[in-house]
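Colleague: Please take a close look at one helix in this model for me, then work outwards to whatever empty space turns up. I'd like the cut-offs spelled out as you go.

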Amino acid sequence: MMYLASVKPAGRVLTLCLQGGEGVIWAEALQDEQILSRILWIAENALNPMLLEKSVGLLLAVLESQQEVAAILLPPISKLDISNLLIKLLAFEMSKLKGERIPERYTVLDLILRAIEVLSTMDNYSQEICLNKELLQLAKELIELPDKFEVSSSCVTAVVLLANILTDAPSATFELSQDLNFLQGVFNVFPFASDDAEAQSAIWSVIARLLTLVQESEMSPSIFHFLVSILASKLDLIGDEILVRPCAETDARVIAMKRISDILMQWKLSDGRVKDTSSLEDSSIDEETVDKLLEICHKATR
């Protein structure tokens, strides 16, 4: 207990110092490999959620610090395989989340994802992040959670992370595009990003990439019906989004809207087998809703 009592405030103090005006001085004092190894060891082996929160928070502070601080600490931390550690911690938190919802761990999950997301934007580290299949699967599982409210911030960060990954590793997009539950999960993150324009852009980027690879003409009637029901159920969300932020010509939303329009038009022209909803009561489609969404898409892409 005495050890925990001393480590937690120390982590908080170091985080504040790295973010302050004398961050470079503190970075030079921390760059010794033994010190950094100890910090990563604490993060990897911490059983106490508050201790883990302070440890990961310190790592995030390093990643988000001013350029001079990052230049000092990132190379030695990279040699200690920080990306692999963060993914390992994410896997542990996801296993906890799927087993039992523990509020004390929500902040830890969010900090880990934020740290990985920052790494995914760095030229020297993005490749390792973007090609990690375990990370892709973990982010996908988080986004597909049916109940996102308690971990909404983490879900938003996960979509931003995925947008970065799919930009650098487009080959991963095809597999994700085959999973309509994932597409639905991405759409369902929207309400939690209403005040974050960057996150909203990331969500649309992911949706546009997914819909570009969706092959509706090769889907079975039931799968195609499910796809259209997902899109139709987002009428109000899409309408509000376009009303608040009109589309620019290069906007990912334009790509997404064109694909939504194509898919809906194919559904309207399809035969009765596709439109039959007798066995799909949970995903029934109202033609009036489809027409309204088509009108919104046409206005957005004109």
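Modeller: Here's the helix, followed by the cavities and the pocket.

Ground rules: this is a predicted model, where local features need pLDDT of at least 70 and side-chain atom pairs count only at pLDDT 80 or more, while totals for chains, interfaces and linings use all residues. Residues are numbered from 1 along each chain as its sequence is written, and side-chain values use heavy atoms, with hydrogens and water left out.

The helix I'd pick is H4, residues 49–64. Helices here are DSSP runs (H or I, at least four residues; strands are E, at least two), numbered from the N terminus. The length checks out: at 1.5 Å a residue its 16 residues should span 22 Å, and the end C-alpha atoms are indeed 22 Å apart. That expected span is 1.5 Å times one less than the number of residues.

H4 is mostly covered, with 12 of its 16 residues buried. Buried means under 20% relative accessible area, exposed over 50%, partly exposed in between (1.4 Å probe, protein chains only). The buried set is Leu-51, Leu-52, Lys-54, Ser-55, Val-56, Gly-57, Leu-58, Leu-59, Leu-60, Ala-61, Val-62 and Leu-63; note that Lys-54 is among them. Met-50, also in H4, is partly exposed because its relative accessibility is 46%. Measuring stick, if you want one: Met-50 and Val-159 sit 109 residues apart in sequence and 25 Å apart in space, C-alpha to C-alpha.

Now the empty space. The search gives two cavities of 30 Å³ or more. It runs on a 1 Å grid over the protein atoms alone: a cavity is a set of points where a 1.4 Å probe fits but cannot get out, a pocket is an open set with protein on both sides within 12 Å along at least five of seven lines, and lining residues have an atom within 4 Å of a point. Volume is the space filled by probe spheres on those points, joined across faces, edges and corners.

The second largest cavity is the one that involves H4, at about 40 Å³. H3 (33–45), H4 and H5 (67–79) each supply at least two lining residues. Leu-58, Leu-59 and Val-62 line it, along with Leu-30, Leu-36, Ile-39, Leu-40, Leu-73 and Ile-77. By class that's nine nonpolar, no polar and no charged (nonpolar: Ala, Val, Leu, Ile, Met, Phe, Trp, Tyr, Cys, Pro; charged: Asp, Glu, Lys, Arg; polar: the others, Gly among them).

The largest cavity, about 50 Å³, has another make-up: four nonpolar, no polar and four charged. Its lining is Glu-93, Lys-96, Leu-97, Glu-100, Ile-102, Arg-105, Tyr-106 and Leu-109. H6 (82–99) and H7 (106–119) each give at least two of these, and H6 has the largest share, three residues.

As for open space, the largest pocket comes to about 240 Å³. H9 (133–143) and H11 (171–177) are the elements giving two or more lining residues. The lining has six nonpolar, three polar and three charged residues, including Lys-133, Gln-137, Lys-140, Ser-171 and Glu-175.

One more helix to set beside H4: H14 (221–233) has 13 residues that should span 18 Å, and its end C-alpha atoms are 18 Å apart, which agrees. Among its buried residues are Phe-224, His-225 and Leu-227.
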